[in-house]
Amino acid sequence: MPRESLRKKQERAKEIVRILRETYPGAKTSLDYGTVHQLLVATILSQQNTDKGVNLVTPRLFAKYTTIAAFANADLQELISDLKSINYGPTKAKAIIASSKQILEEFGGEIPRTIDELVRLRGVGRKTASVVLGNAYGIAEGVVVDTHVIRVSGRLGMTAHKDPVKIERDLIAILPQADWIDWTHMIILHGRAICTARVPNCPECPLQTLCPSL
């Protein structure tokens, strides 16, 4: 099969996005939150954890710690106990307390609106920063690359890489910036519903004619 040019990938990606929008209208993050800081906390917790598992913990957590200052002043051992069902809970607890203090001391209590500033916060990498910017502010500075995006984008021929940094670079080159945020949400839903890890349901996939894996 001849190698697909960037222009052809961009054209195919445009059609994929169109179909995904029809298939998954209103796609958004599955994390539950009420404030930007709650989204930040939930996203930190979601690293190496499922969104479903995080959503079981956060209602009690956010009812107990109602402000950034409450998290910043939390007792570490108590917060660790609150996160006992979360993988790497002690590490996450330290990150949440430290990042909350940074927000208060370095950013005047406001959640930063750029990736460069967000990644200065304890426990926040580029992926977490992009989740916060995209969902809280509608700012697309990057493409969030999780396990579903890695798998499905690869199967769709949008990237040949496995490294998230290289995958994001490929997707940024292929997708219009206006689609960066929605791509992740729609691909995650598609990865859960159709393009599953073990046995993808290709006969029911609305992207059959656009997928080079078939």
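Me: What makes T29, Y33, L39 and H185 contacts of N135?

Reply: Each of those four touches N135, once residues up to four places away in sequence are set aside. Contact means heavy atoms within 4.5 Å, so each of them must have a heavy atom that close to one of N135. Keep in mind that this is a predicted model. N135 itself sits in helix α8.

Me: Why is the link between the side chains of N135 and H185 called a polar contact?

Reply: The two side chains are joined at 3.1 Å. The cut-off for a pair of N or O atoms is 3.5 Å, so 3.1 Å passes. N135 also has a side-chain polar atom 2.8 Å from the backbone oxygen of V131, and that distance is within the 3.5 Å limit too.

Me: How do you know that D146 caps the N-terminal end of α9?

Reply: Look at the atoms: a side-chain oxygen of D146 lies 3.1 Å from the backbone nitrogen of H148. That's an O and an N within 3.5 Å, so the pair fits the distance rule for a polar contact. At the other end, just after α9, G157 takes a positive phi of about 75°.

Me: What does it mean that H148, V149, R151, V152 and S153 are called buried?

Reply: Buried means under 20% relative accessible area, so each of these α9 residues falls below that mark. Their cover includes α10 (164-174) and α11 (180-193).

Me: What makes the span of helix α6 close to the expected one?

Reply: α6 runs over residues 89-106, which is 18 residues. The expected span is 1.5 Å times one less than the number of residues, so the figure to compare with is 26 Å. From first C-alpha to last, α6 reaches 25 Å, and that's close. Its buried residues, including A93, I96, I97 and I103, pack against α2 (36-46), α4 (68-72) and α5 (76-82). Just after α6, G108 has a positive phi of about 60°.

Me: Which residues are closest to the centre of the largest pocket?

Reply: The pocket has a volume of about 590 Å³. S46, N49, D51, K127 and D146 are the closest to its centre, out of 26 that line it. To count as lining, a residue needs an atom within 4 Å of a pocket point, so these five all meet that limit. Two or more lining residues come from each of α2, α8 (126-137), α9 and α11, and α11 gives the most, with five.

Me: How many residues of that lining are nonpolar, polar and charged?

Reply: The split is seven nonpolar, 14 polar and five charged. Asp and Lys count as charged, so D51, K127 and D146 belong to the charged group.

Key. Residues are numbered from 1 along each chain as its sequence is written. This is a predicted model: local features need pLDDT of at least 70, side-chain atom pairs count only at pLDDT 80 or more; totals for chains, interfaces and linings use all residues. Side-chain values use heavy atoms; hydrogens and water are left out. Helices (H or I, at least four residues) and strands (E, at least two) are DSSP runs, numbered from the N terminus. Buried means under 20% relative accessible area, exposed over 50%, partly exposed in between (1.4 Å probe, protein chains only). A polar contact is a pair of N or O atoms within 3.5 Å; within protein, one must be able to donate a hydrogen and the other to accept it, and residues adjacent in sequence count only if both atoms are side-chain atoms. On a 1 Å grid over the protein atoms alone, a cavity is a set of points where a 1.4 Å probe fits but cannot get out, and a pocket is an open set with protein on both sides within 12 Å along at least five of seven lines; lining residues have an atom within 4 Å of a point. Grid points are joined across faces, edges and corners, and a volume is the space filled by probe spheres set on the points.
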